[in-house]
Amino acid sequence: MTDAIRPLIAGNWKMNGLKAQAAEFDAMLDRAAEVTGKADLLVCPPATLIAAFADKARGKKVAVGAQDCHPKASGAHTGDIAAEMLVDAGASAVIVGHSERRADHCEDDALVRQKTEAAWRAGATAIVCIGETQAQRDAGQTLEILGGQLAGSLPESSTAANLVVAYEPVWAIGTGLTPTTRDVEQIHGFIREFLTSRFKADGASMRILYGGSVKPSNAAELMAVKNVNGALVGGASLKAADFLAIAKGCP
Ligand code: PEP
């Protein structure tokens, strides 16, 4: 963990959550003070719950974010949601380029870059996800793939305030598998080098999250790795106890 960078623990609820299940979010709000010395907290529920969660979270220590946005601000795009609408509903951050969207919706780096700019246009922070597949890893292409995703997805005007990078190996998402801490250190070091060389003013202070099967039992070990500035958490973010235990694992 880079000392000067305050960790962020971000929860990605994916396509999970009905109004009736908001109790877990209420518990996060109630107990957030237990971890505010450790990390910032962000929960990204499905879009249907953003407004209700943001209302509950007003004045509390948990921010609310979104999982995706359309690049445009408005228009004839049935079923899509503009970043402006998400911010209007109370989101302060938008996840873009998650591997599930890259795979399920054929999203490429150019589109992820446009979505990043859309999040900024609306006034939200963009959490840009990158990660290699198992096949790419097996072929020894991890750094090449990540370098290409970073170069293609990050706009020139990225700053430490408007951008968070999340490294999420695709093979580690929802599988219970994680890279070794040595691999995480090498890859996060590579991402840091990319950021510092491309964004001279802010690259050293941008947050780089690790994501992929983070849980209470492995959080402390992963969060202690150099250049790991928090986590993007899927499954374990659905339970307040697990989500807060992960935050407690920050050094
Ligand atoms: C994710 O999808 O962003 C993620 C990290 O999922 P999980 O924690 O469930 O592996």
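Q: In this predicted model, why does Cys129 count as buried?
A: Buried means under 20% relative accessible area. Cys129 comes in at 1%, so it counts as buried.

Q: What about Cys44: why is that one called buried?
A: The same cut-off does the job: under 20% is buried. Cys44 has 0% relative accessibility, and therefore it counts as buried.

Q: Why is there no bond between the sulfurs of Cys44 and Cys129?
A: A disulfide needs two cysteine sulfur atoms within 2.5 Å. For Cys44, the closest cysteine sulfur is in Cys129, and it sits 9.4 Å away, so that's too far for a bond. Looking from the other end, Cys129 is in no disulfide either, its nearest cysteine sulfur being that of Cys44.

Q: How many disulfides does that rule give?
A: The count comes to 0.

Q: Now for a pair of helices. What are the angle and the axis distance for H5 and H7?
A: Helix H5 covers residues 109-122 and helix H7 covers residues 142-153. They pack at an angle of about 45°, and their axes are 7 Å apart.

Q: Why are H5 and H7 called oblique to each other?
A: Angles under 35 degrees count as roughly parallel, and 65 to 115 as roughly perpendicular. The angle here is about 45°, which falls in neither range, nor over 145, so H5 and H7 are oblique.

Q: Which hand does the crossing of H5 and H7 have?
A: It's right-handed.

Q: Which residues make the contact between H5 and H7?
A: On the H5 side you'll find Asp109, Ala110, Val112, Arg113 and Thr116. H7 brings Gly148, Gln149, Ala151, Gly152 and Ser153. Sorted by class, the contact has 3 nonpolar, 5 polar and 2 charged residues.

Q: What makes the phi of Lys14 worth pointing out?
A: Phi of Lys14 is near 55°, a positive value, and this residue is something other than glycine. You can find Lys14 in the loop between strand E1 (8-12) and helix H1 (23-31).

Q: Why is Lys14 called partly exposed?
A: Buried is under 20% and exposed is over 50%, with partly exposed in between. Lys14 has a relative accessible area of 21%, so it is partly exposed.

Q: Where does Asn227 lie, and what is its phi?
A: Asn227 is in the loop between helix H9 (216-223) and strand E8 (230-233). Its phi is positive, about 70°, although Asn227 is not a glycine.

Q: How do you know whether Asn227 is buried or exposed?
A: Check its value against the cut-off for buried, under 20%. Asn227 has 9% relative accessibility, so it counts as buried.

Definitions and conventions
Residues are numbered from 1 along each chain as its sequence is written. This is a predicted model: local features need pLDDT of at least 70, side-chain atom pairs count only at pLDDT 80 or more; totals for chains, interfaces and linings use all residues. Side-chain values use heavy atoms; hydrogens and water are left out. Axes are lines fitted to C-alpha atoms, for helices over the stretch in contact, and angles run from 0 to 180 degrees between N-to-C directions. Helices (H or I, at least four residues) and strands (E, at least two) are DSSP runs, numbered from the N terminus. A crossing is left-handed if the near helix is turned anticlockwise from the far one by less than a right angle, and right-handed if clockwise. Contact means heavy atoms within 4.5 Å. Ala, Val, Leu, Ile, Met, Phe, Trp, Tyr, Cys and Pro count as nonpolar, Asp, Glu, Lys and Arg as charged, and the others, Gly among them, as polar. Buried means under 20% relative accessible area, exposed over 50%, partly exposed in between (1.4 Å probe, protein chains only).
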